[in-house]
Structures are given as structure tokens and as C-alpha cells.
Amino acid sequence: MFRRDYLVRLIEDMTQMIAKVFSLKQERKHTEALWELDELFKRQFRLNSDLLRSLSAADIEQLFRSHGYLEADKLQSAVRLMEEEASLLLDLEREEEAVMLYTKVFQLYLKSALQGADLKLIGLTERIGMVKERLRSYALPETAMRDYYAYTEQQGMYAEAENTLYQLLDNGKMEYGEAVQFYQRLQLKLPEDLVKGGLPLEEVHEGMDELNRRFPHTAVNGDKSFT
């Protein structure tokens with residue numbers, strides 16, 4: 001109960017701050033907006049923007065671990081502020097910094113989702129989609145792509161998971177056997193769930209056929225359990 005009350009108060013503070021930041025952006029007071037975000041970071045998370053910009057996504061994730069447990073909702077809340085900061089940096093034409101920060105935001109949103117964050121707390125599903133769209137012109141780290149692959153499958157977004165799987169395969173970041181296992185898992189799903197996820201059973205079989213065409217030698221000598 002205490003944890004939930006804390007999160008509710010945190011989101012209320014964040015909502016007010018983001019509204020204030022938006023107003024400052026409208027007035028083209030971007031520096032003041034960055035200061036406001038930094039103050040909220042310090043007040044709510046005992047962190048500052050400079051530190052978060054200097055750390056890797058993995059290091060930031062560790063800051064939100066307690067006794068080996070990831071405080072996923074607290075993390076996604078902090079990352080929401082990081083996303084707002086990235087937007088301000090982009091408005092200031094500090095594109096390189098903005099892209100680096102957006103990439104961390106994408107990675108940490110995914111970590112939060114995969115570790116059981118409340119998807120409704122800040123609209124996490126929508127935020128992940130928006131940040132990915134922001135980064136569509138940029139190459140993403142392998143870890144981010146793998147987490148996105150796991151996240152889309154977890155959320156039943158099977159067509160998107162398949163697209164990501166082939167990106168990983170094309171970049172040499174996934175083995176044939178792992179791809180086969182993806183299609184085997186899909187075979188166990190209800191047909192209506194596959195349709196909802198954009199990948200009907202017929203297309204699951206077509207995907208496996210395409211995989212075998214791409215890796216004919218491995219398909220012949222490797223895993224033959226897919227039917």
C-alpha cells in the first residue's frame with residue numbers, strides 16, 4: 001500500500017512538472033525547463049541529469065535495484081523524465097546528446113516492461129512505441145534490439161517480434177536455433193491470439209519456411225522438430 005501511494009504521488013508530481021516543462025517549451029525557455037527537470041530528479045530520485053547522461057543504460061538500471069530486485073515502476077517513472085529531457089535537447093538542436101539519451105530511454109523502458117512494470121502507470125506501451133519511432137533513423141544497440149524482440153513477444157505483438165527477429169538474423173546477432181524456438185513457441189499459442197498479434201498460424205509456417213530457405217544447410221543438419 002505504501003509503495004502504491006508513493007508511486008501515485010510521484011506520478012502526480014511528474015505530471016505537474018511535465019505540464020510546466022511543456023509550458024516553458026512553448027515560451028522557448030528550454031534552459032529553464034532543463035533546470036526544472038533536474039530539480040525533480042534530485043527531489044524524487046536523489047539523482048541529477050548530468051549523472052544520468054554520463055551513465056550507460058545498464059549502470060542506470062543498477063541504481064534502481066534493491067537486494068537484486070529491480071524497482072521497475074520507479075525506474076520507468078525516472079525514465080519518463082529522461083525522455084522529456086531528450087525532447088528538450090532535440091529542441092535545442094543538441095541532436096547527438098538527444099539521440100544518446102533517447103536510446104537509453106528506449107532500453108530502460110524495455111527493461112521496466114520486461115521486469116513487470118505497471119504498463120498503465122505512465123502509458124508504457126505507448127511510450128515505447130513513440131521512442132522507437134523517434135529512433136527509427138538510427139542504429140540501435142544489439143541489447144536494445146534483443147530486449148525489444150523479447151518485449152514484443154511477451155506482449156503478444158508477434159508480427160513485430162518476427163520483424164525484429166529477422167533484423168537480428170540479418171545482422172548476425174541471432175542463431176538459427178533460437179529463431180526456430182520462436183516459431184515453436186508460437187505454434188503453442190491459440191490461433192486467435194496469433195491473429196490478434198498479427199501473425200496467423202499460416203504465416204507462422206511461412207516464416208519457418210523462409211527461415212529454412214535462408215539457412216538451408218543448418219535446416220537440413222540442425223533442428224528438425226518443427227512441423
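Analyst: A nonpolar core is a set of buried Ala, Val, Leu, Ile, Met, Phe, Trp, Tyr and Cys residues joined through side-chain atoms within 4.5 Å. Happy to apply that here, bearing in mind that this is a predicted model.

User: Thanks! Which residues have the most contacts inside the largest nonpolar core?

Analyst: They are Met 82, Phe 106, Ile 128 and Leu 211, in a core of 71 residues. Helix 6, residues 95–114, gives the most to this core, with ten residues.

User: What does Phe 106 touch, leaving aside its neighbours within four places in sequence?

Analyst: Phe 106 is in contact with Ile 128, Val 131, Lys 132, Leu 135, Leu 140, Ala 144 and Tyr 148. Ile 128 is also one of the residues with the most contacts inside the core.

User: Now the surface. Why is Gln 187 called partly exposed?

Analyst: Its relative accessibility is 30%. Buried would need a value under 20% and exposed one over 50%, so a value in between counts as partly exposed. Gln 187 lies in helix 10, residues 176–187. From C-alpha to C-alpha, Gln 187 and Thr 152 are 16 Å apart in space, with their positions 35 residues apart in sequence.

User: What makes Arg 28 exposed?

Analyst: Arg 28 has a relative accessible area of 67%. The cut-off for exposed is over 50%, so Arg 28 qualifies. Arg 28 sits in the loop between helix 1 (2–26) and helix 2 (30–45). Although Arg 28 is not a glycine, its phi is positive, about 60 degrees.

User: And why does His 67 count as exposed?

Analyst: With 86% relative accessibility, His 67 is over the 50% limit, and therefore it is exposed. His 67 is placed in the loop between strand 1 (65–66) and strand 2 (69–70). Its phi is positive too, near 55 degrees, in a residue other than glycine.

User: How do you know that Glu 162 has no salt bridge?

Analyst: The nearest side chain of opposite charge, Arg 214, is 9.1 Å away. A salt bridge needs a side-chain nitrogen of Lys or Arg within 4 Å of a carboxyl oxygen, so none is assigned to Glu 162. Glu 162 is nevertheless buried. Its home is helix 9, residues 158–170. Not counting residues up to four places away in sequence, Glu 162 touches Phe 182, Tyr 183, Leu 199, Glu 203 and Gly 207.

User: Finally, how much of the chain counts as buried?

Analyst: Of its 227 residues, 44% do. The chain has 13 helices and two strands.

How values were computed:
Residues numbered from 1 in each chain as written. Predicted model: local features only at pLDDT ≥ 70, side-chain atom pairs only at ≥ 80, totals over all residues. Heavy atoms only, no water. Helix = DSSP H or I, 4+ residues; strand = E, 2+ residues; numbered from the N terminus. Buried < 20%, exposed > 50% of the residue type's maximum accessible area, 1.4 Å probe, protein only. Lys, Arg positive; Asp, Glu negative; His and termini not counted. Contact = heavy atoms within 4.5 Å.
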